[in-house]
Amino acid sequence: MLPAWLRHRLNQSHPTTLLLLSYLAAIIAGTLVLMLPPATVNGHISLINAFFTATSAVCVTGLIVVDTGSYFTLFGQGVILFLIQIGGLGIMTISVALFQVIGRKVVFQQRMAMQEVFSHTPREDIFYLLRSVLFFTLTIEAAGAVILFFYWHGTVPFTQALYNAVFHSVSAFCNAGFSRFSDSLMSGQTSLILNATIGGQIVLGGLGFPVVYEIFSRFFMGKSGKTSIQTKSVVLTTIGLTLAGMLVILVSERTLISSLGWKSGLLASVFQSITCRTAGFNTLDIASLNTATLLFMMFLMLIGASPGSCGGGIKTTTFAVLTTYSWSRLIRRKHVNLFSKTLPDDTVSKSLFVLLFSLTTICLAVFIILFIDPDHGTRIPGNRQFLSFLFETVSAFGTVGLSMGVTPELTLPGKLVIIALMIIGRVGVPAITYIIVGGAPKKGLQFAEENLMIG
């Protein structure tokens, strides 16, 4: 039972503050549980590694400092799976759903938090939308688990096949990328069933609940009306980025693709293009890929998933706005038009800020990691140490979870930097900046204008 003063303080908090506090509370609780002796095989895990693992699970990232399948017991893996589920749905979502079940009143701030997470326009049916989100999530995860069970059934015992199916289905839909296998999904590289099931769940989890809800309402509930530019932007951008990633991998890794055979190579290219924007599963050895491939993968990881989804990054809608804005400036068009709609100046400026803030945060994180650990080259073989750390930070910020293998080699300060990046990426840049500087707009003074040379 929370003290009265704390309940009052939380009730007066802004929704973005509540979101951050809910994630931090889940991370701290997960850390403490993972440190219990039954959670690990040897009965012990360091505080920083437990903290890192809990953060990665709650922020649905997938970066690991210890192997999930061999280091943690079934109890520990169950804790990680639970953290992934509540992190994917959002802790505020779970709490509001529970309040509805037990009949407790949901405060206004919690309603506003749900509004910000699940809808781009004000809605009166926010609770119906919430129930739809929970139903959709559990349905897709259950369907994926059934398919994956039959994939693994026959190769491993019944209970193990069932557990593998449930674990990877939840991890895939929540875009977490955690796997019980040390090689992620590389052993299933040529399986159409595995790639299609996991890849499909990643896409559905990364589209964003507002978009999925609108598509479902239109095609299965018979609702009429025009499709929002939110849904159009998300769907078309997702398709375009997936195809672009597939083509880059096919061309840049043509030697590897040829060795796999074009059927398996095409399957691996599509899957890796999907997963490097939102989830940390891999069917290719990331560290062995060409530099050009890794650079484009970082571009995809920076964009990430869509608003209201389980993923991080600057979001597909931000990329769509920035692309449209750049084209408008190129052809000297005054307004930014998208799908026969003019975007507000505030939306454009916010997108520019999100990109600038994200790039600055990533660069600062890489600098801090390299500055506090100048001897990293002695522990990490090869000549791509800088690229490895840059890839790691972009992956953490985008809550993707792909790595070139440097995660376990991070020092204590390095792990703390990556933890901070995962939290920022999951909560979102707008929410983080609101918490830091406040959200009330400041009018300020307006002086006489004077031009400045640009470019």
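This passage walks through a predicted model of a single chain, from its overall make-up to a few individual residues.

To start with the big picture, the chain has 455 residues, and 51% of them count as buried. Its secondary structure comes down to 20 helices and two strands. Contacts between residues far apart in sequence are a big part of the story: of the contacts with a separation of 6 or more, 70% link residues 24 or more positions apart.

How far the model can be trusted varies along the chain. The average pLDDT is 84, and 83% of the residues score at least 70. Ranked by mean pLDDT, the elements run from helix α1 (residues 4–11), with the lowest value at 48, to helix α3 (residues 47–58), with the highest at 96. Within α1, the pLDDT is below 50 over residues 5–10, and this stretch has five contacts in the model beyond near neighbours in sequence. Residues 98–104 also stay under 50, and here the model has seven contacts beyond four places in sequence. Where pLDDT is low, the predicted coordinates should not be read in detail.

Next comes the interior. In soluble globular proteins, nonpolar side chains tend to be buried together. Here the largest nonpolar core takes in 70 residues, and the members touching the most others are Ile-84, Phe-391 and Ile-418. Helix α19 (residues 412–427) is the top contributor to this core, giving eight residues. Setting aside neighbours within four places in sequence, Ile-418 is in contact with Phe-52, Leu-63, Ile-369, Glu-392, Thr-393, Ala-396 and Leu-410. A second core, of 15 residues, lies apart from the largest one and includes Ala-161, Leu-185, Leu-194 and Ile-274.

Val-394 offers another view of the inside of the chain. This residue belongs to helix α18 (residues 385–397), and with a relative accessible area of 5%, Val-394 is buried. Beyond residues up to four places away in sequence, Val-394 touches Met-298, Met-301, Leu-302 and Ile-362. Leu-421 is 27 residues away from Val-394 along the chain, and their C-alpha atoms are separated by 8.6 Å.

How do helices α17 and α20 pack against each other, in angle and in distance between their axes? Helix α17 (residues 345–372) meets helix α20 (residues 429–437) at an angle of about 80°, and the axes are 10 Å apart. Angles from 65 to 115 degrees count as roughly perpendicular, so that is the description that fits α17 and α20. On the α17 side, the residues taking part are Phe-353, Val-354, Phe-357 and Ser-358, and they meet Val-429, Pro-430 and Thr-433 of α20. Sorted by class, this contact has five nonpolar residues, two polar ones and no charged ones.

Two residues of α17 deserve a closer look. Ser-358 sits in this helix and, at 0% relative accessibility, counts as buried. Leaving out neighbours within four places in sequence, Ser-358 is in contact with Leu-302, Ile-314, Phe-397 and Val-429. Lys-350 is found in α17 too, but with a relative accessible area of 44% Lys-350 is partly exposed. Although Lys-350 and Pro-430 are 80 residues apart in sequence, their C-alpha atoms are 8.4 Å apart in space.

The loops have some details of their own. Asn-175 lies in the loop between α9 (158–173) and α10 (192–206), and its phi is near 60°, a positive value in a residue other than glycine. Ser-340 also has a positive phi near 60° without being glycine, and its place is in the loop between β1 (337–338) and β2 (341–342). Are these two residues buried or exposed? Asn-175 counts as buried, at 0% relative accessibility, whereas Ser-340 counts as exposed, at 77%.

Finally, Val-66 lies in the loop between α3 and α4 (68–71). Val-66 counts as buried, because its relative accessibility is 14% and the cut-off for buried is under 20%. Not counting residues up to four places away in sequence, Val-66 touches Asn-49, Tyr-71 and Phe-72. Ala-50 is 16 residues from Val-66 in sequence and 9.5 Å from it in space, C-alpha to C-alpha.

Definitions and conventions: Residues are numbered from 1 along each chain as its sequence is written. Side-chain values use heavy atoms; hydrogens and water are left out. A nonpolar core is a set of buried Ala, Val, Leu, Ile, Met, Phe, Trp, Tyr and Cys residues joined through side-chain atoms within 4.5 Å. Buried means under 20% relative accessible area, exposed over 50%, partly exposed in between (1.4 Å probe, protein chains only). Helices (H or I, at least four residues) and strands (E, at least two) are DSSP runs, numbered from the N terminus. Contact means heavy atoms within 4.5 Å. pLDDT is the predictor's confidence in each residue, from 0 to 100. Axes are lines fitted to C-alpha atoms, for helices over the stretch in contact, and angles run from 0 to 180 degrees between N-to-C directions. Angles under 35 degrees count as roughly parallel, over 145 as roughly antiparallel, 65 to 115 as roughly perpendicular and the rest as oblique. Ala, Val, Leu, Ile, Met, Phe, Trp, Tyr, Cys and Pro count as nonpolar, Asp, Glu, Lys and Arg as charged, and the others, Gly among them, as polar.
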